[in-house]
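Dear colleague,

Please find below the structure that I am handing over to you. My notes on it follow directly after.

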Amino acid sequence: MDPDDLNSVLEAEEVTINGTTFTKKWCQVCKFFRPPRCRHCYTCNVCVENLDHHCALMNTCIGKRNYRFFFVLLLSLVFFNLLMLGFCLTYVFLNIHERYTVEKIFTRVKTIKKTQKINHLQEQISLSVVSSPTDCPQNTAADTTTPPCFIITPTSPPRPVPSYICLPNRGLDITVCRRVGTGSEAPRGGPRFNAEKTYKYSYTVEVQLDRGKGADQKSAGFKIVSNVNVDLLWRNSSNEEDQLIRIMITDVNFENVSKRSDNKNIFKGTTAGGILGKSNLAALEKPVLIHWINGKVKNFFSFSNEPVIIQNIKRGLTSLFQVQFKSTSATEVDVSGKCKVNYQARDNKVTKLKLLDSCKEAQKGFTSHNKVLGVNTTSTSASIYLLENNFIHSVLSEEHHLVSLNVRQELAANILSRQKLEFQMTKAGPKEIQALQIRSVINSVNPKYVSIPLIAGAVKAEGQGCPSLVDYWKTIQKELEPKNLANASATRSFLLLVQALRKAKKDEILKILRSEKDSTLPQLVDAVTSAQTPASFSAILEFLDFRNDSNYLLQERFLYACGFASHPTEEMLSALMHKLNGKIRSNDIRETVVIIIGALIRKFCQKGQCELPTVVKAKEMILKGAESAKEESEIQMYILSLKNSLLPAAIPVLLKHAESGIGPISNIAVAAIQKYEQAYITEEVRKVMNRIYHQSRQIHEKTVRTSAADIIFSNNPSYMDVKNILLSIGELPAEMSKYLLSKIQDILRFQLPGSEMVRKVLKDTVIHNYDRFSKIGSSSAYSGYMKQGTDSSLTYSLDILYSGSGILRKSNMNIFLLSQGTQLQATQVVIEAQGLESLIAATADEGEANLESLAGMSAVLFDVQLRPVTFFQGYTDLMAKMFTATGAPMSVVKGLILLIDHVQIFQLQSGLTATVEFQGGLAIDISGGMDFSLWYRESKTTVTNRGAVVIIGNITVDSFFVKSGVEVSVETEAVLDFISTVKFSEYPFLVCMQMVKDQFPFRQFVTKYESLPSGKMYVSRKEKKVLMTGSEFPLHQENSDMCKKVFTIESDSSEWF
């Protein structure tokens, strides 16, 4: 029978044990018959044999198996209580004559320190509070009636006005005098020192430099080990918290921060005098005075003729005495600047957290305001104070700075600055000076003392031993020859040259510009412009003559370098505006000046400087130019400038030209609107794009219509917007229909903006059917990932649009770099052709019958639109190019670009200064070509991207006595080819698109170094080299099938000859 049904049949069961009959009851919870004397515990939810009770204190049941243990526990507790009662009664009996109450006994017990030694616990408690140990009865050799008095002093000095407890010990026949207060007792007021005592501390300053994931034992840096003497010179008689303290550094030594063998230890066998110099060591050991009120440094007094770095080290030590003994938030001034701090006080410990981002000081360094190419900085500062009443026993202060490159976070610089101040002992010190005014006290000590700010002074960089600019240029000149520009060594030399140019004077720069040969002069112009110093910019403006077009290439390289500037100045923009208002011989250079002005406006607005006077004038100039220009070339020039600037005020102007302009102007205006963020694509913009796509007011070229459709899809399209575009596909030319269908598939596959709405619309079978999605053609759109990582991602897209005759109409290759939630258009290369149908006797598509024969290329490089390049314009020019063509591609942009430029100076709390620099250079060569073969009825477009990238991160602590640093770098050289081959001998014509990346090297380097003025040096260098395999980026399956057919036809035709 099922046990679950037993209860319904039997409520109990009888059993006989040793002749005695018992009744076993059924447990509903445990599902069994309980034995005799067994009960169910509803707390433990089990049946317990011989259950007595459930003990809440022991959190278990008391039953058969633990009775004896429970009784032992009860007996132990009773015995302990009786023992304690006996001790208490004995104590009261022995001290009954002292009239000690129970309340006084408990008061005395609370004052005993938990860490007191066992032998001190033997003292008998008798409370007698006095203000000084001298008030206790003193024992003498002849005095036998008064018990001897033994003074117990703690390890740290007492407070200025302490209280003591005298405790007679009858067993030892002495009186023990002890100060009231425990180590865990929170101090009152501010920190204080006693007069006539010198407090000796050990003081260590430590700086560790490493890459982001480095280990401490392998860090570069150094350690300054010394002693510090602190004296109280004066205290305000009316306010004991108002003090004048003298602080002096002594016994200075230098050590490594990590353990090294003797042959790698540059500090082995050195002395502080040998490293610092005798005069600097003497200056470091001169004392400073601080006016100290309630833990705040009101004034800092030192000598005015000391080196700044020596004064900063003293400021760093003094900043440790800036402390509050209660939990609070405040704004304090120390060596780091005026900073917000938070105090957390608990018992004898105070934690001070400094918010380094809040420190108000002069901005030092510069950076790129593009997040993708910028850096991420994390800084923390914490100090822990251990106290004994109002006395500072020890201080440990640590400051961390981590600077990492957003695009590659493994390239990071880590700075750790540590200060440690620890009390050692006291000895006899100077007497307290009696005076009413603190100034008179200072004059009596040394009248040469002057009050100086506690904020660190600026330290000038030491340039000793550096070669001249001319000599340095000669050493790297060969690396910058045109034939070597594809090598990483050229890019590295370019970055080093920029550093040298930033330290050079105008005359030195002009000297090498005027003496350099033509082959390396363009690279030198790139470097001089990228230096972005007043001297370099003044020199390059004086060197270039815009009234003469003989140095056209140099002028163009100068303008592009201005466009890529990471931190342009108002002087740079003003100079370009001045050049534009003057005489410029070349129209192409004039057009480039206007385009680059737009790029500079955007950079200023990214920095929040959109309202600077020069920027306002530049904005008005390009806006008025776009509205008032009459000639087609001028309109295009100003629209390209607006495309670079991305001004919100330019959107109405761009909409006007997009809807009512002629073909090329409308095309450029729509492309400019495509670059705006989604927040600026309003309902009005979407309405205009819909009118352009559906040709509500006039007929537009298919390149303009497809761009308008892209804008609609990418910016929160409505249900009807998507539905109307999909319904129109059946009425479009075949190639345009094929392109839009491919674009929709790419949106769905790659989860591009608008994918959710497209899926919603496709649920309608009227739209989503075979007839609509089976259009033939060769146009396509495809997106994919080139690289996916935790810190950054690299995406690419290839859009190809052909005319109905099979000739390329538009090719668009985009590469985007995404990091920190921001995207950067790394590269865009657009090749467009029109009016070529007459070459093969084909019929032009709707709206394109009267277009002039034209082919050209436009490029965007790192969010900067470059001046477009024209392959040919007009039928005559086309035929001349065809018969004289050499097959060589045409260069669109070539040069050296300073991509990443970050310099940040950290004022450490120790007084030392650390500098972090990140520089990234790119040697770029983008070229493209378009070939026709009337005989084979074939066209081929090629875009070749060659580049060498070098990124260098360098952290240094450079003082006149020790130089230490870490350099991390990566470099690579790569080639990316995009080839589009079209066979239009049949229809549908065959199209093969290829995106090929050759194998390329990838190298990483880490260098750590330390050096002394004497020439002793330690260098550690590690490198890692990897050869990355080449690949062909995948496109859709239809393209792969066509490529097989194209290559089969080519191999068959080659056998005829």
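Which residue takes a positive phi just after helix 20? In this predicted model, glutamine 695 does so, with a phi of about 55°.

Helix 20 itself covers residues 683-694. Its 12 residues should span 16 Å at 1.5 Å a residue, and because its end C-alpha atoms are 16 Å apart, the model agrees with that expectation. Several of its residues are buried, including Val685, Val688, Met689 and Ile692; Arg686, Asn690, Arg691 and Tyr693 are buried as well. The buried residues of helix 20 pack against helix 18 (651-660), helix 19 (663-674), helix 21 (702-714), helix 22 (719-728) and helix 23 (734-749).

For the overall setting, the protein chain has 27 helices and 39 strands. It holds 1057 residues, of which 52% count as buried. Among contacts between residues at least 6 apart in sequence, 65% join residues at least 24 apart. The accessible surface comes to about 50,700 Å², and 53% of this belongs to carbon and sulfur atoms.

A second region worth your attention is an open sheet of 12 strands, with antiparallel pairing and the order 17-18-19-21-22-23-12-13-14-15-16-24. Strand 17 (328-334) and strand 24 (450-452) are its edge strands, each pairing on one side only. On average, and with direction ignored, neighbouring strands of this sheet are turned by 25° against each other. Within the sheet, strand 18 (residues 337-346) and strand 19 (residues 349-360) run antiparallel and are joined by 8 bridges. Asparagine 342 stands opposite leucine 353 in strand 19.

Two helices lie across strands of the sheet. Helix 6 (residues 308-319) crosses several of them, among them strand 12 (197-211), strand 13 (220-236) and strand 16 (296-302), and runs at about 155° to strand 16. Helix 7 (residues 438-445) lies across strand 13, strand 14, strand 15 and strand 16, at about 35° to strand 14.

Finally, please look at glutamate 432, in the loop between strand 23 and helix 7. Is this residue buried or exposed? Glutamate 432 is partly exposed, because its relative accessible area is 24%, whereas buried means under 20% and exposed over 50%. Leaving aside neighbours within four places in sequence, glutamate 432 is in contact with Ala195, Leu232, Leu233, Trp234 and Arg235. A polar atom of its side chain lies 3.4 Å from the backbone nitrogen of arginine 235. Glutamate 432 and aspartate 231 are 201 residues apart in sequence, yet 9.2 Å apart in space, C-alpha to C-alpha.

With kind regards

How values were computed:
Residues numbered from 1 in each chain as written. Predicted model: local features only at pLDDT ≥ 70, side-chain atom pairs only at ≥ 80, totals over all residues. Heavy atoms only, no water. Helix = DSSP H or I, 4+ residues; strand = E, 2+ residues; numbered from the N terminus. Buried < 20%, exposed > 50% of the residue type's maximum accessible area, 1.4 Å probe, protein only. Contact = heavy atoms within 4.5 Å. Areas by Shrake-Rupley, 256 points an atom, 1.4 Å probe, with all protein chains shown as cover. Expected span 1.5 Å × (residues − 1). Pairing = 2+ DSSP bridges. Axes fitted to C-alpha atoms, helices over the stretch in contact; angles between N-to-C directions. Polar contact = N/O pair within 3.5 Å; in protein donor to acceptor, adjacent residues only side chain to side chain.
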